Amino acid sequence: SSIQIDQKIMELKFNMKDGNIVQPVVYHGVIPDTLTTGESVVAEGKLDSQGVFQASTLLVKCPSKYEEQKK
(Lines give C-alpha, C1' and ligand atoms only; values in the text may rest on other atoms or scores of the structure.)
Protein backbone atom coordinates (compact mmCIF):
# COMPACT_ATOMS: atom_id res chain seq x y z
CA SER A 1 0.00 0.00 0.00
CA SER A 2 3.03 2.27 0.14
CA ILE A 3 3.62 2.28 -3.65
CA GLN A 4 3.22 5.71 -5.27
CA ILE A 5 3.87 6.07 -9.01
CA ASP A 6 4.15 9.31 -10.97
CA GLN A 7 4.30 8.23 -14.63
CA LYS A 8 4.76 11.83 -15.78
CA ILE A 9 8.21 12.15 -14.20
CA MET A 10 8.89 8.37 -14.04
CA GLU A 11 9.15 8.40 -10.25
CA LEU A 12 8.39 5.52 -7.93
CA LYS A 13 8.15 5.88 -4.16
CA PHE A 14 7.63 2.98 -1.78
CA ASN A 15 8.63 1.62 1.62
CA MET A 16 10.93 -1.39 1.66
CA LYS A 17 10.71 -3.62 4.72
CA ASP A 18 13.34 -5.98 6.10
CA GLY A 19 12.23 -7.52 9.36
CA ASN A 20 11.21 -4.61 11.60
CA ILE A 21 13.11 -2.02 9.54
CA VAL A 22 11.08 0.10 7.12
CA GLN A 23 13.08 2.16 4.63
CA PRO A 24 11.53 4.78 2.31
CA VAL A 25 12.82 4.40 -1.27
CA VAL A 26 12.64 6.71 -4.30
CA TYR A 27 13.47 5.45 -7.80
CA HIS A 28 13.54 7.36 -11.10
CA GLY A 29 13.38 5.39 -14.32
CA VAL A 30 11.40 2.67 -16.04
CA ILE A 31 9.11 1.11 -13.46
CA PRO A 32 9.10 -2.72 -13.57
CA ASP A 33 5.78 -4.22 -14.73
CA THR A 34 5.97 -6.96 -12.11
CA LEU A 35 6.23 -4.61 -9.11
CA THR A 36 3.34 -5.16 -6.71
CA THR A 37 2.79 -4.71 -2.99
CA GLY A 38 4.60 -7.39 -1.02
CA GLU A 39 6.94 -8.32 -3.89
CA SER A 40 10.63 -8.93 -3.12
CA VAL A 41 12.95 -6.34 -4.64
CA VAL A 42 16.65 -5.55 -4.81
CA ALA A 43 17.45 -1.84 -4.74
CA GLU A 44 20.90 -0.40 -5.37
CA GLY A 45 21.74 3.22 -4.59
CA LYS A 46 22.58 5.59 -1.76
CA LEU A 47 20.97 6.87 1.42
CA ASP A 48 20.43 10.63 1.27
CA SER A 49 20.75 13.14 4.14
CA GLN A 50 16.99 12.87 4.90
CA GLY A 51 17.22 9.09 5.38
CA VAL A 52 15.53 8.24 2.05
CA PHE A 53 17.17 5.55 -0.07
CA GLN A 54 17.73 6.95 -3.58
CA ALA A 55 17.68 3.84 -5.78
CA SER A 56 19.62 3.95 -9.04
CA THR A 57 18.74 0.34 -9.90
CA LEU A 58 15.59 -1.58 -9.02
CA LEU A 59 15.15 -5.29 -9.65
CA VAL A 60 11.98 -7.23 -8.88
CA LYS A 61 12.66 -10.82 -7.88
CA CYS A 62 10.70 -13.23 -10.03
CA PRO A 63 7.74 -14.80 -8.26
CA SER A 64 7.94 -18.55 -7.75
CA LYS A 65 5.21 -19.07 -10.38
CA TYR A 66 7.86 -18.24 -13.02
CA GLU A 67 10.46 -20.65 -11.68
CA GLU A 68 11.06 -23.94 -13.46
CA GLN A 69 9.31 -26.86 -11.83
CA LYS A 70 11.61 -29.60 -10.51
CA LYS A 71 10.99 -33.04 -12.00
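Four exercises with worked solutions follow, on a sheet, two residues and a pocket.

This is a predicted model in which local features need pLDDT of at least 70 and side-chain atom pairs count only at pLDDT 80 or more, while totals for chains, interfaces and linings use all residues. Residues are numbered from 1 along each chain as its sequence is written, and side-chain values use heavy atoms, with hydrogens and water left out.

**Exercise 1. The sheet**

Give the strand order of the open sheet and state which strands are its edges.

Solution. Strands here are DSSP runs (E, at least two residues), numbered from the N terminus. The open sheet has 5 strands in the order β1-β2-β3-β5-β4, and its pairing is mixed. β1 and β4 (41-47) are the edge strands, since each pairs on one side only. From one strand to the next, the twist averages 35°; the angles run from 0 to 180 degrees between N-to-C directions, with axes fitted to C-alpha atoms. Two strands count as paired if DSSP finds at least two bridges between them. β4 and β5 (residues 53-60) are antiparallel and joined by 7 bridges. In β5, Leu-58 is the bridge partner of Ala-43.

**Exercise 2. Ala-55**

Decide whether Ala-55 is buried or exposed, and list what it touches.

Solution. Start with the position: Ala-55 belongs to strand β5. Buried means under 20% relative accessible area, exposed over 50%, and partly exposed in between (1.4 Å probe, protein chains only). Ala-55 has 9% relative accessibility and therefore counts as buried. Leaving out residues up to four places away in sequence, Ala-55 touches Val-25, Val-26, Tyr-27, His-28, Ala-43, Glu-44 and Gly-45; contact means heavy atoms within 4.5 Å. One of these, His-28, is 27 residues from Ala-55 in sequence, with 7.6 Å from C-alpha to C-alpha.

**Exercise 3. Met-10**

Locate Met-10 and describe its backbone and its exposure.

Solution. Met-10 sits in the loop between β1 (4-6) and β2 (11-18). The phi of Met-10 is near 50°, a positive value in a residue other than glycine. Its relative accessibility is 35%, so Met-10 counts as partly exposed.

**Exercise 4. The largest pocket**

State which strand gives the largest share of the lining of the largest pocket, and sort the lining by class.

Solution. A pocket is an open set of points on a 1 Å grid over the protein atoms alone, where a 1.4 Å probe fits, with protein on both sides within 12 Å along at least five of seven lines; lining residues have an atom within 4 Å of a point. 15 residues line the largest pocket, and Phe-14, Asn-15, Met-16, Gly-38 and Glu-39 lie nearest its centre. β2 supplies the largest share of the lining, 5 residues. By class, the lining has 5 nonpolar, 7 polar and 3 charged residues. Ala, Val, Leu, Ile, Met, Phe, Trp, Tyr, Cys and Pro count as nonpolar, Asp, Glu, Lys and Arg as charged, and the others, Gly among them, as polar.

Definitions and conventions
Helix = DSSP H or I, 4+ residues; strand = E, 2+ residues; numbered from the N terminus.
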